[in-house]
Every structure is written in C-alpha cells, then in structure tokens.
Amino acid sequence: MREQRSRVASRRTGQKKGKTVLGPRERRRITQLVVCLALFLAVFIGKGIFPERIADLREQVLGLLRGDTDFQAVFADLGQSISKGEPMLDTLGDAWSQMLGGEEAKTGGTAGENALYAAQAAWLSGFGRQEGTGTLGLKIDPQATPAVAATPAPQPEVTPEPTPTPEPAVEHVDYTGPALPDNTSMDKYRLDVGETVSPVMGVLTSPFGWREHPVDGEEKFHNGVDLAVNTGTQVKAFADGVVDYIGDDPDQYGLYLQISHANGVKSFYAHCSQLLVSQSQTVKAGDTVALSGDTGNTTGPHLHLELRFNGVRINPIYYIETN
C-alpha cells in the first residue's frame, strides 16, 4: 500500500513539475519563435511607425548575421531563465542584448563569407528585388511586355500664309514723251477704294497720253482710254460710289456720267447709248450704270473711260482688264 501511494505521489509531483520545467527541445522552439517574432515586429511594424529608427535596427540585425554569436549559449540561458520563473520581458531583453551587442556577442568575418548575411542584407535594405520578382517578392512574368504609352500621331505642319507686301502709295513710272498737261500724271497710285471692276471687257484702241486725234487729226492729250465694244454693251460701275452728274454733249462726249468714289477717286464714262442712273444715286461696284454706244464725236462704238485721283488725271489701264 505504501508503495502504491508513493507511485501516485510521484506521478502528481511529475505532473506538477511538468507544468514549470521545459525540455531543451521545447525551449529551443520557443526561443526561435520569440526571436522570429521580434525580428518581424522590428522590421515591418518598426518601418511603418518609426522609419527614422529602422536604419539603426537594420545595422544591428546585419551585425548579428555577420557575426559568430554563440546562439546555443543564448538559447540555453533563455531556457534556464524561463525554468526559474523569471519575468518574461526581462528574460527576452537579456537574450536580445546578448545577440545584438552584448558582451558575449563576437563579430568576425566579412559579408562575402556569409551567404545568409548577403541574402538578408538585400532583404533588409529596402526589401531589394530579386530577379523575376517585384517589390513585395511577387513573381513577374519575364515574357510580359510593359505597357507603353501610345505615341500621338504626328500633326501636319501648318504653313503660315505669307503676309502680302502692301502696295506702295505711289509707283513711279518713267515717261520720256512731251510734257504732260497740268494735273496729269503717268505714275500709278494706290486708290484704296475697295473692290474694283472693269467697266467693260473691250479692246484697247486708244491709250492714255498724247495722240493724234482720230477725227480732227490734231495732236491732243487723251485724258482716258478708249475700249472698243458693241453698242448696247453693259457699262458697270468701277467701284462703290455716288453718281455726281449725268449729261449729254453731242459735240464731244455724247451721253456721259461721272461717279464719285471713296478716297478722292472719280470715274467718267462717255459715248454711251443710254444712261441707267440718275444724279446722286448710290451704286455698288459692278452695278450696270449705262449701255455703250457711239454718241458724240466718235468713229465707232466704244466706251471712253477716265479716272481722277484727288483732281489729278491718271492712267485707267493700271486698274482694269482688257481683251
């Protein structure tokens, strides 16, 4: 009976001791778990919360990996402390100090001699990428082609229209003939009257200048141009303006009219067969103002056209078209 009681007591004592005393194998696993957890918290949580301290921690971890610390002794001390019932925080702190800078931590060797150090250094230094992986270690398909922004289609070059050279106010024309009458010029002036129209499309039979008069044979200055056209041809206004006057001169101009335009320009039409406007009437460039004929002193149907610029007779041929 005493032997049976002794065995029961022994079992109870063993069960009680099993709750406080851990074997070497269990102590080593607990220590490894604690160290891994500490590293995980230091690297991941510390990097997000204390970025200014992560560089110091990284150097400490790299020093540990580079050194030849006696981890077996560290784990043995950790197990003994736990078995004695010492506070857990103090026990873990002592183990951490022994591994990361304690008096028993001895360093030696170089980074190139420790493969574990090289791999962990790359991982701790900003989580360096390995070939074929991304920032978080995810595998990347080497055959995948990165997206490239589409190149915009080239736009056709727009050639600016050349700026037209402004017409000079006066173009001097060389003249070597007899002296010109007063208020007469052979020069070409810029009229600035807007749109202009050729009153008729005819053949130039007598130009502006000195000539032998076709009827009386005297040398006289021709104040305009003669344009041969059939009787009844429409005579159009040279430019916008107002009819100054109309009249009839059987001995010289026959039926005639004059239109006053902008900028001191006036146009005169003679030898008409019919006048289609009245004095003070407003006309537009190209409006029909008369019909051509051979009234007055003529040798055949034609339009006599004169132009004046600020009272000076000028050559109409510079401003009209002819056949």
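Colleague: Is Lys220 buried, partly exposed or exposed?

Modeller: In this predicted model, Lys220 counts as partly exposed because its relative accessibility is 33%. The class of partly exposed residues lies between 20% and 50%.

Colleague: Which residue forms a salt bridge with Lys220, the closest N and O atoms being 2.9 Å apart?

Modeller: That residue is Asp216, itself partly exposed with a relative accessible area of 38%. Lys220 also meets the side chain of Glu218 in a salt bridge, at 4.0 Å from N to O. Glu218 counts as partly exposed, at 45% relative accessibility.

Colleague: Where in the chain are the residues of the salt bridge between Asp244 and Lys266?

Modeller: The side chains of these two residues meet at 3.0 Å, N to O. Asp244 belongs to strand β8 (residues 241-249) and Lys266 to strand β10 (residues 265-275), so that the pair links distant parts of the chain, 22 residues apart. By contrast with this pair, Asp216, Glu218 and Lys220 are joined into one network by salt bridges that share partners.

Colleague: How should strand pairing be read, and which strands pair with β6?

Modeller: In a regular strand the side chains alternate between the two faces of the sheet. Here, β6 (residues 225-228) runs antiparallel to β3 (residues 203-206), joined by three bridges. Val203 has Ala228 as its bridge partner in β6. β6 also pairs with β13 (residues 302-309) in the antiparallel sense, over four bridges, and Val225 has Leu305 as its bridge partner in β13.

Key. Residues numbered from 1 in each chain as written. Predicted model: local features only at pLDDT ≥ 70, side-chain atom pairs only at ≥ 80, totals over all residues. Heavy atoms only, no water. Pairing = 2+ DSSP bridges. Helix = DSSP H or I, 4+ residues; strand = E, 2+ residues; numbered from the N terminus. Buried < 20%, exposed > 50% of the residue type's maximum accessible area, 1.4 Å probe, protein only.
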